[in-house]
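The following exercises are intended to be worked through with the sequence and the coordinates at hand. Each task is followed by a solution in steps.

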Amino acid sequence: MFQIITYALNPILFYFYENIFNIDTAIVASLVIYWFFWIWYMLANISCTVRRLHDTGLSGYWLVALFIPFINIYTLYMTVFKPSIKGIELNSINE
């Protein structure tokens with residue numbers, strides 16, 4: 001989704017800034033807007049991943065393990081395939 005937004009928004013903003021300002025200002029403005037959206041997108045991804053790790057019963061520090069080879073496979077397993085702790089606890093209470 002991030003790529004779609006930036007690819008659609010960047011030419012429009014570049015055209016807008018190019019007609020108002022000179023070309024150097026247009027390039028800088030486009031890069032600033034791109035990096036603003038990139039930081040916003042990365043913060044949203046990090047917060048969703050930490051929430052999912054907490055949902056599976058792991059600490060949010062496991063997010064760092066995504067950058068370590070072979071350990072990142074375990075972390076991806078925990079975020080994608082492991083069921084929620086709350087769902088498991090509710091099922092055991094009902095039985």
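**Exercise 1. Tyrosine 41**

At a relative accessibility of 29%, Y41 counts as partly exposed. The model under study is a predicted one. Task: determine in which helix Y41 lies, and how far its C-alpha atom is from that of F2.

Solution.
1. Partly exposed covers the range between the limit for buried, under 20%, and the limit for exposed, over 50%; the 29% of Y41 therefore falls in this class.
2. Y41 belongs to helix α2.
3. Y41 and F2 are separated by 39 residues in sequence, and their C-alpha atoms lie 7.0 Å apart in space.

**Exercise 2. Overall architecture and confidence**

Task: state how many helices and strands the chain has, and in which helix confidence is lowest.

Solution.
1. The chain contains 4 helices and 0 strands.
2. Read from the N terminus, the order of elements is α-α-α-α.
3. Of the 95 residues, 18% count as buried.
4. Among contacts in the chain with a separation of 6 or more, 41% are made by residues 24 or more positions apart.
5. The average pLDDT of the chain is 80, and 89% of the residues score at least 70.
6. Confidence is lowest in helix α4 (residues 85-94), with a mean of 61, and highest in helix α3 (residues 71-80), with 87.
7. Where pLDDT is low, predicted coordinates should not be read in detail.

**Exercise 3. The largest nonpolar core**

Task: identify which residues make up the largest nonpolar core, and which helix supplies the largest share of this core.

Solution.
1. The largest nonpolar core has 5 residues in all: L13, Y17, A26, A29 and I33.
2. Two helices, α1 (2-20) and α2 (23-55), each supply at least two residues of this core.
3. The largest share, 3 residues, comes from α2.

**Exercise 4. The packing of α2 and α3**

Task: classify the mutual orientation of α2 and α3 from the angle at which they pack, and state which residues meet in their contact.

Solution.
1. The two helices α2 and α3 pack at an angle of about 80°, and their axes are 8 Å apart.
2. Angles of 65 to 115 degrees count as roughly perpendicular; α2 and α3 are therefore roughly perpendicular to each other.
3. On the α2 side, T49, R52 and L53 take part, and they meet T75, M78, T79 and V80 of α3.
4. By class, the contact of α2 with α3 comprises 3 nonpolar, 3 polar and 1 charged residues.

**Exercise 5. Two residues of α3**

Task: for T75, decide whether this residue is buried or exposed; for N72, state which residues it touches beyond four places in sequence.

Solution.
1. T75 is located in helix α3.
2. The relative accessible area of T75 is 1%, so T75 is buried.
3. Leaving out residues up to four places away in sequence, T75 touches L53, W62, A65 and L66.
4. N72 also lies in helix α3, but N72 is partly exposed, with a relative accessible area of 22%.
5. With the same exclusion of residues up to four places away, N72 touches A65 and L66.
6. N72 and W62 are 10 residues apart along the chain, and their C-alpha atoms are separated by 8.9 Å.

**Exercise 6. The loop between α2 and α3**

Task: state what is notable about the phi of F70, and which residues S59 contacts outside its neighbours within four places in sequence.

Solution.
1. F70 is placed in the loop between α2 and α3.
2. Although F70 is not a glycine, its phi is positive, at about 70°.
3. For comparison, most residues other than glycine have a negative phi.
4. F70 has 72% relative accessibility and therefore counts as exposed.
5. S59 is found in the loop between α2 and α3 as well, and its relative accessible area of 34% makes S59 partly exposed.
6. Apart from its neighbours within four places in sequence, S59 is in contact with L53 and H54.

**Exercise 7. Isoleucine 46**

Task: locate I46 and state what distance separates its C-alpha atom from that of G60.

Solution.
1. I46 is found in helix α2.
2. Its relative accessibility is 37%, so I46 counts as partly exposed.
3. The C-alpha atoms of I46 and G60 are separated by 9.4 Å, and the two residues are 14 apart along the chain.

Methods:
Residues numbered from 1 in each chain as written. Predicted model: local features only at pLDDT ≥ 70, side-chain atom pairs only at ≥ 80, totals over all residues. Heavy atoms only, no water. Core = buried A, V, L, I, M, F, W, Y, C linked by side-chain atoms within 4.5 Å. Buried < 20%, exposed > 50% of the residue type's maximum accessible area, 1.4 Å probe, protein only. pLDDT = per-residue confidence, 0-100. Axes fitted to C-alpha atoms, helices over the stretch in contact; angles between N-to-C directions. Parallel < 35°, antiparallel > 145°, perpendicular 65-115°, else oblique. Contact = heavy atoms within 4.5 Å. Nonpolar A, V, L, I, M, F, W, Y, C, P; charged D, E, K, R; others polar.
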